[in-house]
Amino acid sequence: MKEKDILQQIGTISHEIRNPLSGIIDLCRLLNDTELNDVQQNYVVSIQDTAYTLLMILNDYVDYAKLESGSILLKEESFLLTDIIRDVAKIMAPIAASKNLALVPEINTNEQPILKGDKIKLKQILFNLVSNAIKFTDKGVITISADLCPGKKKGFYNLECSVKDTGIGFDPKDKKLLFKRFSQLKNARGGSGLGLSVTKKLIEIMGGKIDVTSTPGMGSDFHFNLSFLSATKDETSNEGVFLSPLNILIAEDNPVNRKVTALLLEKSGHKVTTVNNGKEACALASEKDFDVILMDMNMPELDGLDASRYIRNLKDKKKASVPIFAMTGKSMETDKKACLKVGLNGFLQKPFDNKDFSRLWQKIQKKHG
């Protein structure tokens, strides 16, 4: 089988797995906003823990395939380091708490510069390291420490980051096995054997290095460095800005994902209409005006790409130019290019949340004035 076909199959498998995972994660978000007793809250945390573990394993396998084929690409987006650390801590803290562990973020900088770089990859690196720390720690504290300072080269900032735990640790002589793909130490507690290998590769591709120090029975300290460009304030996405209510059409064949995506957007004040497939999306988009369409890519009757082509060819110019965002579990660059080629305006990878949607909407509005 050709490499291109293998990558395409991996993308399809990724989509099929992300669909149910997206539903589970989004339902947990909705449950967390309801009145839960302690037992119920613990159940929700356990479900989230399992879902995010599966998601990280999936991301590792997909990235491993990309790394092996040399097809992984880095993005340049504006972000604040505090936002990245906060997002990781917000998701991982309840999981750590389920083991009676404290998760402590420490950002050691007097500045809050806007940085430019691949924030998704940075977040994945931290997720992998924190998840690994939680897995091998039974009591104590996990600390995410980040030091940011101006680099020697003008316009750059240097990030020194570490994830330190008070877990079981390992013998220093076994360090070389940690970052080897599909390898595990004798005290391993499950996992794919890819997480740390992929993490190391991602850091190296981003121009940095990772190392670890450890003492058996006293914990481990994974530390890495990266360099990021500084951005201007005009380049930030203003993620915290409130969006005016939008009239949104969602085309999604998975009933759970369709329902929870609508509920999450409605909680932010948006008006949402849902359909089951691309054929229904085309019919409704031909009749009514929407501010934006969220289009799943894999649907019966008519898939997202063909539905988007149909809408772009409508005689009514206003209806034909409606912003369309792809919703998909695929993460290959070829899939993204196919979406953009037929005139889609953006790409939302499942699972996504209101912040991801808001960020993309603001980006599109800024681009088109």
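## Starting with T143

Does T143 count as buried or exposed? At 17% relative accessibility, T143 counts as buried, because the cut-off for buried is under 20%. Keep in mind that you're looking at a predicted model.

So where does T143 sit? You'll find T143 in strand β4, which covers residues 140-150. Leaving aside residues up to four places away in sequence, T143 touches V104, E106, S162, V163 and K164.

## The whole chain

Let's zoom out. The protein chain has 12 helices and 12 strands. Of its 369 residues, 49% are buried.

Now take the contacts between residues at least 6 apart in sequence: 71% of these join residues at least 24 apart.

## Helix α2 and its two ends

Helix α2 takes in residues 38-69. With 32 residues at 1.5 Å a residue, helix α2 should span 46 Å, and its end C-alpha atoms are indeed 46 Å apart, so the two values agree.

What happens at the start of α2? There, a side-chain oxygen of N37 comes within 3.1 Å of the backbone nitrogen of V39. Just after α2 comes G70, with a positive phi of about 75°.

## A pair of rings

Searching the whole structure turns up two aromatic pairs. In one of them, the rings of F79 and F228 have centres 5.4 Å apart and planes at 85°, so this pair is edge-to-face. The pair links distant parts of the chain: F79 belongs to strand β1 (residues 77-80) and F228 to strand β7 (residues 219-230), 149 residues apart.

Are these two rings' residues buried or exposed? F79 counts as buried at 3% relative accessibility, and F228 counts as buried at 3% too.

## Cysteines without disulfides

How many disulfides does the structure hold? Zero. As a reminder, a disulfide is a covalent bond between the sulfur atoms of two cysteines.

Here are two cysteines to look at. C28 has a relative accessible area of 2%, so C28 is buried. C149, with a relative accessible area of 39%, is partly exposed.

## Strand β8, covered on both sides

Strand β8 covers residues 247-251, and five of its five residues are buried, so the strand is largely enclosed by the rest of the structure. In a regular strand, side chains alternate between the two faces of the sheet. For β8, one side carries N247, L249 and A251, the other carries I248 and I250, and all of these are buried.

Which strand pairs with β8? That would be β9 (residues 271-275), which runs parallel to β8 and pairs with it over five bridges. One place to look is L249, whose bridge partner in β9 is T273.

## Helix α12 and the turn into it

Helix α12 spans residues 354-367. Its 14 residues, at 1.5 Å each, should span 20 Å, and the end C-alpha atoms are 20 Å apart, so α12 also agrees with the expected value. The buried residues of α12 are F357, S358, R359, L360, W361, Q362 and I364. Among the elements covering them are α4 (119-135), β8, α7 (255-267), β10 (292-296), β11 (324-328) and β12 (346-349).

Between β12 and α12 there's a loop that contains P351. The peptide bond joining K350 and P351 is cis, with omega at about -5°.

## Loops worth a look

Most residues other than glycine have a negative phi, and most peptide bonds are trans. N100 has a positive phi, near 60°. N100 lies in the loop between α3 (81-97) and β2 (101-108), and counts as exposed at 70% relative accessibility. E301 isn't a glycine either, yet its phi is positive at about 70°. You'll find E301 in the loop between β10 and α9, where E301 is exposed with a relative accessible area of 60%.

L314 is also a loop residue, placed between α9 (304-312) and α10 (317-320), but L314 is buried, with a relative accessible area of 17%. What does L314 touch, not counting residues up to four places away in sequence? Its contacts are A285, S286, K319 and A320. The C-alpha atoms of L314 and S286 are separated by 7.2 Å, although these residues are 28 residues apart along the chain.

Notes. Residues are numbered from 1 along each chain as its sequence is written. This is a predicted model: local features need pLDDT of at least 70, side-chain atom pairs count only at pLDDT 80 or more; totals for chains, interfaces and linings use all residues. Side-chain values use heavy atoms; hydrogens and water are left out. Helices (H or I, at least four residues) and strands (E, at least two) are DSSP runs, numbered from the N terminus. Buried means under 20% relative accessible area, exposed over 50%, partly exposed in between (1.4 Å probe, protein chains only). Contact means heavy atoms within 4.5 Å. The expected span of a helix is 1.5 Å times one less than its number of residues. A polar contact is a pair of N or O atoms within 3.5 Å; within protein, one must be able to donate a hydrogen and the other to accept it, and residues adjacent in sequence count only if both atoms are side-chain atoms. Rings of Phe, Tyr and Trp (its six-membered ring) pair if their centres lie within 6.5 Å; planes under 30 degrees apart count as stacked, over 60 as edge-to-face and the rest as tilted. A disulfide is a pair of cysteine sulfur atoms within 2.5 Å. Two strands pair if DSSP finds at least two bridges between them.
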